[in-house]
Amino acid sequence: RWRGRSRAVAVAMAESKAAADGRGPDAGWTPLYRASVRLAGELDRVLERVAQDFQEAFATDREQESKHAAGDAFGEFSLEQTAAHKRYMSEAESLLDDFLAEEKVSRSDFFAECRESVDGQYAALFDEDINLWFVDMLLGISDFEAFHRAAVQLLGKDGEERRARRK
């Protein structure tokens, strides 16, 4: 969840606004919006793949997940977990770089649009920019603790339920 709103809700809202305007999902939308639609699922899959590949590094933390949910800290993080996060960041950056190259958009222009989204430059009064959830997701890629929490959840009970729904 990003800023209290699920990604699915944010994407649905953006798509309904596009439909109301009589436009398709890509017509006239900014690179940031197109990135949110095309990359969010891919970024989730990268996280799942990396968490699975490094599941042994998270085994102890999965057992302590309920304590952490109650507010207790996990303690020290392992070198393997740090390596998993570095791989996740590398693969996520590669996805974004490939997207930007395909769209012929520079990193500086793309991140300027991200800043504008955070500043609410294009949002209606008392409304949130439709891309803000994705900007939060991008910012979270570099946050080790957010990565750690997500990996532990994916490998724990929540992840089992999520994988079962996909089958």
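Modeller: Let's start with a term: a crossing of two helices is left-handed if the near helix is turned anticlockwise from the far one by less than a right angle. Keep in mind that this is a predicted model.

Biologist: Okay, which handedness does the crossing of α6 and α7 have?

Modeller: The crossing of α6 and α7 is left-handed. The residues that touch there are F110, C114, S117 and V118 from α6, with L132, F134, V135 and L138 from α7. Sorted by class, that contact has seven nonpolar residues, one polar and no charged ones.

Biologist: And what are the angle and axis distance for α6 and α7?

Modeller: They pack at about 120°, and their axes are 9 Å apart. The roughly perpendicular range runs from 65 to 115 degrees, and roughly antiparallel needs over 145. An angle of about 120° fits neither, so α6 is oblique to α7.

Biologist: Let me zoom out. What does the secondary structure of the protein chain come to?

Modeller: Nine helices and zero strands. Reading along the sequence, you get α-α-α-α-α-α-α-α-α. The chain has 167 residues, and 37% of them count as buried. Its accessible surface is about 9800 Å², with 50% of that belonging to carbon and sulfur atoms.

Biologist: What share of the contacts between residues at least 6 apart in sequence join residues at least 24 apart?

Modeller: That share is 76%. One pair with that kind of spacing is V50 and A84: they are 34 residues apart in sequence, with C-alpha atoms 6.4 Å apart in space.

Biologist: Where is V50, then, and why is V50 called buried?

Modeller: V50 is in helix α2. Buried means under 20% relative accessible area, and V50 has 0%, so V50 is buried. Setting aside neighbours within four places in sequence, V50 is in contact with A84, R87, Y88, E91 and F147.

Biologist: Staying in α2, what about S36: buried or exposed?

Modeller: S36, which also lies in helix α2, has a relative accessible area of 2%. That is under the 20% cut-off, so S36 is buried. Beyond its neighbours within four places in sequence, S36 is in contact with N131, W133 and F134.

Biologist: What makes α2 oblique to α7?

Modeller: Helix α2 (residues 31–53) and helix α7 (residues 132–141) pack at about 50°, with their axes 10 Å apart. Roughly parallel needs an angle under 35 degrees, and roughly perpendicular starts at 65. About 50° falls between those, so α2 is oblique to α7.

Biologist: Which residues of α2 and α7 meet?

Modeller: From α2 you have L32, A35, S36, L39, A40, L43 and D44, and from α7 W133, F134, V135, M137, L138 and I141. By class, the contact of α2 with α7 has eleven nonpolar residues, one polar and one charged. Here too the crossing is left-handed.

Biologist: How do you know that α7 is largely enclosed by the rest of the structure?

Modeller: Eight of its ten residues are buried, so α7 counts as largely enclosed by the rest of the structure. The buried ones in α7 are L132, W133, F134, V135, D136, M137, L138 and I141.

Biologist: Now F111. Why does F111 count as partly exposed?

Modeller: F111 is in helix α6 (residues 107–119). Partly exposed covers the values between under 20% and over 50%, and F111 comes in at 29%, so partly exposed is the label. The C-alpha atoms of F111 and V135 are separated by 9.2 Å, and the two residues are 24 apart along the chain.

Biologist: What makes α5 and α6 roughly perpendicular?

Modeller: They pack at about 105°, with axes 10 Å apart. Since 65 to 115 degrees counts as roughly perpendicular, about 105° makes α5 and α6 roughly perpendicular to each other. In that contact, E93, L96, D97 and L100 of α5 meet R107, F110 and F111 of α6. The class split is four nonpolar, no polar and three charged residues.

Biologist: Last one: why does K104 count as exposed?

Modeller: Exposed means over 50%, and K104 has 75% relative accessibility, so K104 counts as exposed. K104 is in the loop between α5 (79–103) and α6. Its phi is near 60°, a positive value in a residue other than glycine.

Notes: Residues numbered from 1 in each chain as written. Predicted model: local features only at pLDDT ≥ 70, side-chain atom pairs only at ≥ 80, totals over all residues. Heavy atoms only, no water. Helix = DSSP H or I, 4+ residues; strand = E, 2+ residues; numbered from the N terminus. Buried < 20%, exposed > 50% of the residue type's maximum accessible area, 1.4 Å probe, protein only. Contact = heavy atoms within 4.5 Å. Areas by Shrake-Rupley, 256 points an atom, 1.4 Å probe, with all protein chains shown as cover. Axes fitted to C-alpha atoms, helices over the stretch in contact; angles between N-to-C directions. Nonpolar A, V, L, I, M, F, W, Y, C, P; charged D, E, K, R; others polar.
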